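Pull up a chair and have a look at this one with us. A visitor asks, a guide answers.

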Amino acid sequence: MSTEPSVERDLDGLGEQATDGHTRLTDISGVTEGRSMASIPEYYAGKNVLITGATGFMGKVLVEKLLRACPEVRALYLLVRPKAGQSMEQRVSDMMTCKLFDRVREVNPDFHLKIIPISSELTQPGLAISPEDVEKLSACINVVFHCAATIRFDEPLKHALQLNVIATQQLLSLAKQMQHLEAFVHISTAYANCNRKHIDEVIYPPPVEPKKLIDSLEWMDDSIVRDITPRLIGDRPNTYTYTKALAECVVQQEQDKLNIAIIRPSIVGASWQEPVPGWIDNFNGPSGVFIAAGKGILRTMRANNDAVADLVPVDMVINLTLAAGWYTAVHRRKTEKQKDERPKSALVYNCTTGGINPFHWGQIEHHVMSSFKRNPLEQAFRRPNANITSNYLMNQYWILVSHKFPALIYDFVLRLSGQKPQMMRIFNRLHKAIGLLEYFSSQDWEWNSENMSMLMSQLTPEDRRTFNFDVRQLNWPEYIENYCIGTKKYVLNEDMSDIPAARQHLRKLRNIRYTFNTLLVVFIWRVFIARSQMARNIWYFVVSLCFKFLSYFRASSTITK
Ligand SMILES: CCCCCCCCCCCCCCCCCCCC(=O)SCCNC(=O)CCNC(=O)[C@H](O)C(C)(C)COP(=O)(O)OP(=O)(O)OC[C@H]1O[C@@H](n2cnc3c(N)ncnc32)[C@H](O)[C@@H]1OP(=O)(O)O
Ligand SMILES: NC(=O)C1=CN([C@@H]2O[C@H](COP(=O)(O)OP(=O)(O)OC[C@H]3O[C@@H](n4cnc5c(N)ncnc54)[C@H](OP(=O)(O)O)[C@@H]3O)[C@@H](O)[C@H]2O)C=CC1
């Protein structure tokens with residue numbers, strides 16, 4: 001810009017907004033760039049970006065958004081492993097044909113030309129990248145997004161450590177060889193420090209020095225590791241959160257050599273708006289719970305009605321991630337001299353909703369149930385009617401009455417008709433899964449998310465629209481409705497045109513329930529009441545008591561009139 005634009009405080013009072021629409025960067029060290037900065041798409045234009053975990057839930061959304069919103073990006077190098085008999089090229093080409101990429105396909109049918117798969121197994125030495133590929137990546141990569149991880153809660157510690165910590169270390173080593181690297185963005189989780197109630201945007205001391213743990217576990221037998229895992233993870237609920245905390249520590253160890261951002265999303269849910277509302281492709285986190293409840297299988301779960309459900313839509317997380325990559329790069333230490341002047345700490349972004357726009361598990365339950373009644377899933381087991389409770393005994397009672405008892409009856413009917421019983425097996429798996437989630441739905445946490453607000457204030461108005469992560473704009477009931485529809489359309493591949501048939505099926509289930517309840521009453525009457533004088537007396541006593549109460553209330557309401 002040739003003219004010096006005037007400066008005014010922006011809407012949030014956090015950044016300085018230039019009148020030309022661009023934002024001047026007042027960075028955390030207080031250094032202000034003397035020129036207006038490139039917008040996010042301008043920054044990514046001509047850049048080579050490396051992405052791990054691109055075939056995963058968040059990775060796919062990242063690839064799609066980068067290609068669609070930053071069409072001038074030069075190339076996306078995806079570290080992918082062959083899997084389930086498919087080559088990595090085949091996997092990437094399958095991924096690009098999925099519905100998620102429909103919008104980008106419309107605007108740029110040749111988008112696949114920008115995607116370069118690189119064969120890599122992250123658990124292998126050197127990430128199993130060929131020397132030629134290492135050379136290529138070292139020479140050309142400008143930005144790294146590290147999304148790959150094992151997110152299983154029951155992962156054996158050795159494997160979780162191998163992927164979430166050691167692979168991160170190896171990727172950082174590779175990043176240090178990259179001659180033109182401008183930003184390294186690491187995806188962590190807001191629950192890495194879930195042993196704390198209040199979580200700031202800082203890297204906390206790790207539960208153990210990662211190197212010491214890696215060295216010790218190396219010689220240990222798997223069974224020994226399994227035995228000592230509970231002692232090691234201590235007050236964290238699983239190996240996932242434990243190893244993600246260690247990963248933050250190994251990332252921190254490189255913060256004086258690389259320009260690093262750490263993104264900590266809370267519970268990542270279906271998309272809010274982009275590329276389509278409600279896009280989701282897996283059973284992780286709440287999605288599996290919603291589906292199981294929508295199918296009428298899950299009727300009870302332990303959760304605190306009043307605890308904050310810190311869900312964050314995947315598109316908002318990805319928008320923040322891309323913006324953080326841009327911010328880290330434009331504020332990078334460019335020269336040796338600047339290395340001494342610029343801040344040396346990685347910037348952490350807690351990407352959460354609870355502190356700004358809270359919504360509670362009780363409200364989620366209500367909206368999920370009403371949404372699935374309006375838009376039922378096909379072939380439901382029972383009518384959707386799930387309740388959450390924080391009471392352990394109450395939950396156990398409902399598990400017995402609403403899960404195990406119907407499963408036994410259903411399996412009995414299957415056996416009678418010569419089929420293999422399956423419902424009890426399904427319930428056992430469901431109980432295992434929800435048992436692992438209950439830790440997160442039974443309590444709440446408080447995250448400071450000032451860096452998210454700071455970053456938002458640094459964007460141009462145009463970038464704020466394109467890379468929107470303003471969680472204040474989330475309308476929860478609408479979001480949950482789209483989320484439930486998304487599970488139906490994109491996870492279960494059910495057709496929306498089948499909704500009338502699904503409603504008809506629910507009516508049939510209701511009639512079956514009425515018939516069953518009537519038969520049960522008749523049966524109880526016949527077996528217990530009609531045969532025993534004492535049961536009959538108790539029955540008549542209860543009925544006459546009810547009548548007395550009714551006449552008393554009728555009489556007292558007449559007097560008050
Ligand atoms: C009462 C209803 C009202 C609703 C309101 C209340 C809702 C409360 C919801 C509370 C949710 C709280 C969620 C908190 C999560 C916070 C965590 C922090 C966020 C993160 O950082 S990471 C993301 C979270 N990670 C996960 O969610 C992974 C959890 N999953 C696992 O660890 C394993 O999958 C699990 C559950 C141990 C199962 O292992 P396994 O038995 O080996 O099965 P597979 O994983 O191989 O899967 C086999 C098959 O089943 C499908 N599947 C997986 N999970 C579910 C599920 N929950 N429901 C139904 N089906 C599921 C899976 O896709 C596989 O299918 P295939 O077709 O591929 O075979
Ligand atoms: N989903 C959520 O709710 C949250 C996720 N996060 C974080 O976000 C990131 C992405 O999560 P999400 O997309 O949900 O996870 P997914 O499980 O959907 O994706 C994981 C990705 O990692 C890749 N990967 C796993 N193992 C290897 C390996 N050995 N070699 C190469 N690649 C491998 C997978 O590839 P492949 O397809 O080959 O298996 C996949 O692309 C993770 O770091 C997670 O910790 C943080 C908070 C919440």
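**Pockets, helices and annotated spans**

Guide: α2 (57-69) and β11 (267-269) each put at least two residues into the shell around ligand 2; helices (H or I, at least four residues) and strands (E, at least two) are DSSP runs, numbered from the N terminus. This is a predicted model, where local features need pLDDT of at least 70, side-chain atom pairs count only at pLDDT 80 or more, and totals for chains, interfaces and linings use all residues. Residues are numbered from 1 along each chain as its sequence is written, while chains are lettered from A and ligands numbered from 1 in the order in which they are written.

Visitor: Which element gives the most to the shell around ligand 2?

Guide: The shell has 27 residues, with Gly53, Gly56, Ala148, Ala149 and Val268 coming nearest (near means a C-beta atom, placed from the backbone, within 6 Å). With three residues, the top contributor is α2.

Visitor: And which element has the largest share around ligand 1?

Guide: Here 30 residues surround the ligand, and Thr189, Phe283, Gly288, Ala386 and Phe440 come nearest. Two or more residues each come from α10 (286-294), α13 (361-374) and α15 (423-441). The largest share, six residues, belongs to α15.

Visitor: How many nonpolar residues are in the shell around ligand 1?

Guide: Ala, Val, Leu, Ile, Met, Phe, Trp, Tyr, Cys and Pro count as nonpolar, Asp, Glu, Lys and Arg as charged, and the others, Gly among them, as polar. Around ligand 2 that sorting gives 13 nonpolar, 10 polar and four charged. For ligand 1, five are polar and four charged, and the nonpolar count is 21.

Visitor: Are α6 and α9 roughly parallel or roughly antiparallel?

Guide: Helix α6 (residues 157-177) packs on helix α9 (residues 239-252) at about 20°, axes 9 Å apart; axes are lines fitted to C-alpha atoms over the stretch in contact, and angles run from 0 to 180 degrees between N-to-C directions. Angles under 35 degrees count as roughly parallel, over 145 as roughly antiparallel, 65 to 115 as roughly perpendicular and the rest as oblique. So α6 and α9 are roughly parallel.

Visitor: How much of residues 538-555 is helix?

Guide: An unreviewed UniProt entry annotates 514-532 and 538-555 as "transmembrane region"; positions use the numbering here, feature names are shortened, and annotations may be inferred rather than shown by experiment. Residues 514-532 are 84% helix and 0% strand, with end C-alpha atoms 26 Å apart. For 538-555, the ends also lie 26 Å apart, strand is 0%, and helix is 100%.
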